[in-house]
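Me: I would like to go through this structure with you by question and answer, one region at a time. Could you set out the reasoning before each result?

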Amino acid sequence: SVATQTMERRSSVTRMLAIGGPTSYGGFSELPAAAEEASNVAKSFEPNSDLFTGAEARKTLLSATPLRYTDLHLAVHGQLRDAYQSRLVFADGFLEVKDIWALSLLNSPRVVLSACESGLGRAVTGNDVLSLATGFLAAGAQSVVSTLWRVPDKETATLMSSFYRASQSAPNAAEAVASMQRDAIKAGLPPRVWAAFVVHGR
């Protein structure tokens, strides 16, 4: 596929891998604004970015060992389920928490999960809580931006543009999210749109 050929050509670390707006899978609808969101994110990192949308927005893109990107942006459906089965939805199937653990993200310190419920988790033995976000931390990410509830497709795309603008000068992901949220307040967006975004890690 075009996606596989592009990945094989990469011999060094590239800055951004943006995946968004996959074709419908498993009964989940398509996300038109998510494809546009991923495209805008990739453009902001050009020429050091790769973009995959629609049928090319595949979970297998994350399987390289190690993954040769410093930033990952995933604009897809997210769903909270049982502890080990919360999942992201790609064009070629589901990526569950247990699958995320097997990824190699040591080159990818920042992951943005622009997906519903990606920061929500289920309690397991002891005080541990498993979520999509903590799965990416376990796989090697240093910071993960995620959400605590379902977020609207179109408005989230606008928020992500604000986040990456802020990231150009913010010292870390938490400061960039805070700046994004202040911009949203100034724009009159309701808290249900912007307050869902949190940062795990540093």
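Reply: The answers that follow concern a predicted model, and they take up helices, pockets, a cavity and some single residues.

Me: What distance does helix α6 reach from its first C-alpha to its last?

Reply: Helix α6 runs over residues 173-186 and so has 14 residues, for which a rise of 1.5 Å a residue is expected. The expected figure is 20 Å, and the end-to-end reach is close to it, at 20 Å.

Me: Which elements do the buried residues of α6 pack against?

Reply: The buried residues of this helix are A173, A176, V177, S179, M180, Q181 and A184. Their packing partners include a neighbouring helix, α5 (153-167), in which T156, A157, L159, M160, S162, F163, Y164, A166 and S167 are themselves buried. The full list of elements packed against is β7 (110-113), β10 (143-147), α5, α7 (191-194) and β11 (197-201).

Me: At the start of α6, which backbone nitrogen does a side-chain oxygen of N172 reach?

Reply: The side-chain oxygen of N172 comes to within 3.2 Å of its partner at the start of the helix. After α6 comes G188, with a positive phi near 85°. At the start, the backbone nitrogen reached by N172 is that of A174.

Me: Which residues lie nearest the centre of the largest pocket?

Reply: The largest pocket has a volume of about 220 Å³, and 14 residues line it. Two or more lining residues come from each of β3 (69-75) and α6, and the lining divides into five nonpolar, five polar and four charged residues. Nearest the centre are R110, S143, P171, N172 and A173.

Me: Is S143 buried or exposed?

Reply: S143 is found in strand β10, and, leaving aside neighbours within four places in sequence, S143 is in contact with P109, R110, V111, L137, A173, V199, H200, G201 and R202. Its relative accessible area is 5%, and the cut-off for this class is under 20%, so S143 counts as buried.

Me: Which elements give two or more residues to the lining of the second largest pocket?

Reply: The second largest pocket has a volume of about 190 Å³. Of its 13 lining residues, those closest to the centre are S44, F45, Y164, R165 and Q168. The elements that contribute two or more residues to this lining are α2 and α5.

Me: How do the residues that line the largest cavity divide into nonpolar, polar and charged?

Reply: The structure holds one cavity of 30 Å³ or more, and about 30 Å³ of space lies in the largest cavity. Its lining is made up of P22, T23, S24, Y25, F28, S29, E30, L31, H77 and V89. These residues divide into five nonpolar, four polar and one charged.

Me: Which residue is joined to P47 by a cis peptide bond?

Reply: P47 has its place in the loop between α2 (32-45) and β2. The omega of the bond is about 5°, and the residue joined to P47 by this cis bond is E46.

Me: What is the phi of E117?

Reply: E117 lies in the loop between β7 and β8 (121-123), and at 14% relative accessibility it counts as buried, because the cut-off is under 20%. Although E117 is not a glycine, its phi is positive, at about 55°.

Conventions. Residues are numbered from 1 along each chain as its sequence is written. This is a predicted model: local features need pLDDT of at least 70, side-chain atom pairs count only at pLDDT 80 or more; totals for chains, interfaces and linings use all residues. Side-chain values use heavy atoms; hydrogens and water are left out. Helices (H or I, at least four residues) and strands (E, at least two) are DSSP runs, numbered from the N terminus. Buried means under 20% relative accessible area, exposed over 50%, partly exposed in between (1.4 Å probe, protein chains only). Contact means heavy atoms within 4.5 Å. A polar contact is a pair of N or O atoms within 3.5 Å; within protein, one must be able to donate a hydrogen and the other to accept it, and residues adjacent in sequence count only if both atoms are side-chain atoms. On a 1 Å grid over the protein atoms alone, a cavity is a set of points where a 1.4 Å probe fits but cannot get out, and a pocket is an open set with protein on both sides within 12 Å along at least five of seven lines; lining residues have an atom within 4 Å of a point. Grid points are joined across faces, edges and corners, and a volume is the space filled by probe spheres set on the points. Ala, Val, Leu, Ile, Met, Phe, Trp, Tyr, Cys and Pro count as nonpolar, Asp, Glu, Lys and Arg as charged, and the others, Gly among them, as polar.
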